[in-house]
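Student: I am new to this structure and would like to go through it by question and answer. Where do we begin?

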Amino acid sequence: MNAVTYGPFPGGLPRSFAADFSQMAAAGFNAIRLYEMPDARLLDAAAEHGLKVFGGLEWGQSADFFQQPGLYSAAAVSLVNGLRDTADHPALAGVYVGNEVPADLARWMDPLKVRRALEELITLGKELAPGLLFAYANYPSTEYLEPENADFTAFNIYLENESAFRGYVKRLHHIAGDRPLVISEFGIDSRRNGLDRQAEILGWATRAALDLECAGMTIYAWSDRWWVGLAYALEAAMVARWMRRENVAHLHVHFGNAGATVGIASGLGFAQQVDPIASQPAAIFSGFFSLMGVVMIMSAGLHRVAIQ
């Protein structure tokens with residue numbers, strides 16, 4: 001399986017998938033990994049381009065969902081609703097019931113309880129759609145959360161050294177046992193590493209995954225946005241690319257009683273000014289910070305932004 005991640009889409013799914021999916025197929029991808037459950041429109045478009053789809057549950061897994069049980073029950077409801085009309089769609093291959101529960105939070109909540117909660121979601125999914133594959137996208141810091149009833153072992157790995165990458169994949173085969181191993185995320189930032197370095201690393205990583213008999217490799221990421229728990233994050237360069245594509249001169253975000261305008265300077269995306277008093281309360285955020293060119297918007301629900 002040669003997969004690529006797609007989404008998430010906090011502002012809603014694209015109006016058309018034709019351009020993205022045709023380019024994915026031309027690049028040699030045969031599957032896509034989502035961070036939300038797909039609708040029939042996306043699945044139909046994927047089928048037209050020969051792509052299989054792995055959906056994902058978007059839920060509050062980065063919070064203490066035992067102290068806030070509504071978060072966990074919402075995940076189950078989302079799984080039921082997401083599979084109600086799409087479980088039998090030929091393009092839907094499987095579902096990731098979670099993605100990287102934070103290690104410190106997992107230890108706080110009790111690793112065994114967390115693993116069992118993930119296994120219960122997998123069990124529910126198999127009852128609803130026995131023909132699909134179910135797994136949890138794990139990562140190195142929480143190997144102990146690997147669900148015993150997953151159909152395949154999935155790990156997000158960001159190791160930029162080939163020897164370390166190969167060594168860790170061998171270790172993951174021991175964790176997987178007799179289950180297939182899928183690299184559910186692997187990528188490198190081209191802004192800080194350059195396109196040539198990115199191509200080099202993706203090349204050896206893909207070959208290594210094949211050499212070491214992984215069932216699948218998933219490249220991160222095709223689209224421009226991502227989320228971490230209740231946070232949506234935007235890379236400065238990604239913002240600039242999106243603004244150029246959509247012909248947006250300025251992007252104004254409102255959080256609390258302050259605002260920020262992001263513009264395009266010298267062809268790149270940088271914060272041009274920060275206004276002490278917000279004038280366009282288009283979206284409300286609970287926090288905002290930038291670090292190393294990454295703009296992170298902490299939000300209980302990102303709805304919209306004002307564009308000019």
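Tutor: We begin with a definition: a salt bridge is a side-chain nitrogen of Lys or Arg within 4 Å of a carboxyl oxygen of Asp or Glu. The model is predicted, and E185 and R33 form one such pair in it.

Student: How far apart are the closest N and O atoms of E185 and R33?

Tutor: A salt bridge needs a nitrogen and a carboxyl oxygen within 4 Å. E185 and R33 meet that condition, with their closest N and O atoms at 3.5 Å.

Student: Which strands hold E185 and R33, and how many residues apart in sequence are the parts that the pair ties together?

Tutor: E185 belongs to strand β7, residues 181-186, and R33 to strand β2, residues 31-34. The pair therefore ties together parts of the chain whose separation in sequence is 152 residues.

Student: Is R33 buried or exposed?

Tutor: A residue is buried under 20% relative accessible area and exposed over 50%. R33 has 2% relative accessibility, and its partner E185 has 6%. By that cut-off R33 counts as buried.

Student: Over the ring of which residue does the charged end of R33 sit?

Tutor: Besides its salt bridge with E185, R33 takes part in a contact with a ring. Its charged end lies 4.4 Å from the ring centre, and the ring is that of Y96.

Student: How many salt bridges does the structure hold?

Tutor: The pair of E185 and R33 is one of them. Another joins E148 and R115, at 3.4 Å from N to O. The total for the structure is 10.

Student: Is E148 buried or exposed?

Tutor: The cut-off for exposed is over 50% relative accessible area. R115, its salt-bridge partner, is buried at 19%. E148 has a relative accessible area of 59%, so this residue is exposed.

Student: Which residue meets R171 in a salt bridge?

Tutor: R171 counts as partly exposed, at 43% relative accessibility. Its partner is buried, with a relative accessible area of 18%. The two side chains meet at 2.5 Å, N to O, and the partner is E143.

Student: Where do R171 and E143 lie, and how many residues apart are they?

Tutor: R171 is in helix α6, residues 162-176, while E143 is in the loop between β5 and β6. The pair links distant parts of the chain, and the two residues are apart by 28 residues.

Student: How many aromatic pairs does a search of the whole structure find, and what is the arrangement of F65 and Y72?

Tutor: The search finds 17 aromatic pairs. The ring centres of F65 and Y72 are 5.9 Å apart, with the planes at 20°. Planes under 30 degrees apart count as stacked, so the pair F65 and Y72 is stacked.

Student: What is the arrangement of the rings of F155 and Y168?

Tutor: Both residues are buried, F155 at 0% relative accessibility and Y168 at 12%. Their ring centres are 6.5 Å apart and their planes meet at 75°. Planes over 60 degrees apart fall in another class, so this pair is edge-to-face.

Student: How many helices and strands does the protein chain have, and how much of it is buried?

Tutor: The secondary structure comes to nine helices and 16 strands. Among the elements already named are helix α6, with R171, and strand β7, with E185. Of the 308 residues of the chain, the share that counts as buried is 50%.

Methods. Residues numbered from 1 in each chain as written. Predicted model: local features only at pLDDT ≥ 70, side-chain atom pairs only at ≥ 80, totals over all residues. Heavy atoms only, no water. Helix = DSSP H or I, 4+ residues; strand = E, 2+ residues; numbered from the N terminus. Buried < 20%, exposed > 50% of the residue type's maximum accessible area, 1.4 Å probe, protein only. Phe/Tyr/Trp six-rings, centres within 6.5 Å; stacked < 30°, edge-to-face > 60°. Lys NZ or Arg CZ within 6 Å of the ring centre and 35° of its normal.
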